[in-house]
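Please look over the sequence and the model before reading on, and keep both at hand while you follow the report.

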Amino acid sequence: MARSAAGRVLRDRNAGLYLAAVVVTGFGTSAMWLTAGIWVKSLTGSDSLAALAVFAMWLPSLIGPALGTLADRVRRKPLLIRTNLAMAGLLTVLLAVDSAERIWILFAVLVLYGVSGVVTDAAETALVAHTVDVRLLGDFNGLRMIAAEGMKLLAPLTGAGLYARFGGGAVALLDAASFALAAGVCALLRVSEPARPARTDRRGELAAGIRQVWRSPALRPLVLAGSATMLCAGLSGAAVYALVDDGLGHSPTYAGVLYAAQGAGSIAIGLLAGPLLRRLPERVFSAAGIALFAAAVGVRALPYDAVALVASVAIGVGLPCVLIAAMTALQRETPDAVLGRTTATANSLMMVPNAVALALGAGLIAVLDIRVLLPLIGAAGLLTAALLIMGRWGRPTAAPTDPVPSSSEA
């Protein structure tokens, strides 16, 4: 059944092209994500600036609701093409970064990189909801997870190798080529979109995505649970190197083995997500995944390699569940006119806690032993799953008082 549904998704022309674009851009982005920090470190010698390189790419998600509005204001296919082409050109500017004095260029490009990521994700999600059979959305989002995680396993090694041999400029050119190729793939999409006239109520349109998430009995609990889960994931991620060093007694490079095991788990759930979502309510699917993730984080406190590896696979299986379910519900429940804004809003609400927790976790591991910290994170995750399955989250405080704008009004 899983193979049949996945095959139907892949045989759909537009769905296949969307997934191809995810693979292409995901490869370049994953390579650049790793290389940016190495590049900054090698030019400046600063660990803090190297960490800020990743933060610069993530920073635009803080204003995700505003950036997502663009995907509701213009036709989405041309937006995808133009954004990808703009990034392909912008990345070539990084060839000028050859000293610490020019590192500001890299940071400026990385911030714009993050902006393009928010915009394209909102536009792509909206187009998928418009063109892919609603019964296959769970399968599509699972396959999208596979594509993204697969690139995270392969691309960083390519990026690191290119950087070591040819420098950061070579990685920038590889990434630019991936964006140019993605623009070509997007140009092949066959979609019919209505014109989207601009509105004058700027404050109202910025809040539309937030209202849609907050008032939806399907979206609100999943997004809130996703926020709490990603907070736990950030805390757990910050403790990985302490786990490898203090808990398992390995060198820091062993973290790559744990991340690879986690990626394998994510690929597995990507194949199973669609069939499971057809059999289980989204809350049950999400709660089960969160509980598995939480239990795995807790048992990683045990100082055994085998336990750590199995737990990493379980984390990879459990963690994406709430994200896949939330995205599927969002595509199914949200009116097209506000789908871009709602996508960006939901992504910001779920991903910002992860970044905040990474910083918070860096401080916590300095004062708490991981044998205490990891079980506490696991307990918080189990509480999140329990609240979700009991329906304690997600009761709208009021019914909508203003209609969602139609596509002609939006």
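The report below goes through the nonpolar cores, a surface patch and the salt bridges of this predicted model.

## The nonpolar cores

The largest nonpolar core holds 45 residues, and the members that touch the most other members are F293, L374 and I377. Several helices give two or more residues to this core, namely α11 (219-238), α12 (240-247), α13 (255-279), α14 (282-299), α15 (305-333), α16 (339-367) and α17 (370-389). Of these, α15 gives the most, with 10 residues.

F293 offers a way to look inside this core: leaving aside its neighbours within four places in sequence, F293 is in contact with T229, C232, A233, I315, G318 and L319. A second core, separate from the one just described, has 28 residues, and V9, L79, F140 and L189 are among them.

## A nonpolar patch on the surface

Nonpolar residues are also found at the surface, where L271, L272, L276, L280, V284, I389 and M390 form a patch with about 560 Å² of accessible area together. The largest share of this patch, 3 residues, comes from α13. One member, I389, lies in helix α17, and because its relative accessible area is 46%, I389 is described as partly exposed.

## Salt bridges and a buried arginine

The structure holds 10 salt bridges, and four residues, D72, R76, D336 and R341, are linked in a network of such bridges. Within this network, the side chains of R76 and D72 meet at 2.8 Å, N to O. R76 counts as buried because its relative accessibility is 1%, and D72 is buried as well, with a relative accessible area of 0%.

R76 also meets the side chain of D336 in a salt bridge of 2.6 Å, N to O. This pair links distant parts of the chain, since D336 is in the loop between α15 and α16 while R76 is in helix α6 (residues 76-91), 260 residues apart. D336 is partly exposed, with a relative accessible area of 25%.

Another salt bridge joins D139 and R278, whose closest N and O atoms are 2.4 Å apart. D139 lies in helix α8 and R278 in helix α13, so this pair ties together parts that are 139 residues apart in sequence. D139 counts as buried at 4% relative accessibility, whereas R278 is partly exposed at 34%.

Helix α8 (residues 137-166) also contains R144, which counts as buried because its relative accessibility is 16%. Leaving aside its neighbours within four places in sequence, R144 is in contact with L19, V22, D121, E124 and T125.

Conventions: Residues numbered from 1 in each chain as written. Predicted model: local features only at pLDDT ≥ 70, side-chain atom pairs only at ≥ 80, totals over all residues. Heavy atoms only, no water. Core = buried A, V, L, I, M, F, W, Y, C linked by side-chain atoms within 4.5 Å. Buried < 20%, exposed > 50% of the residue type's maximum accessible area, 1.4 Å probe, protein only. Helix = DSSP H or I, 4+ residues; strand = E, 2+ residues; numbered from the N terminus. Contact = heavy atoms within 4.5 Å. Patch = residues over 30% accessible without salt bridge, like charges linked within 9 Å, V, L, I, M, F, W, Y side chains within 5 Å. Areas by Shrake-Rupley, 256 points an atom, 1.4 Å probe, with all protein chains shown as cover.
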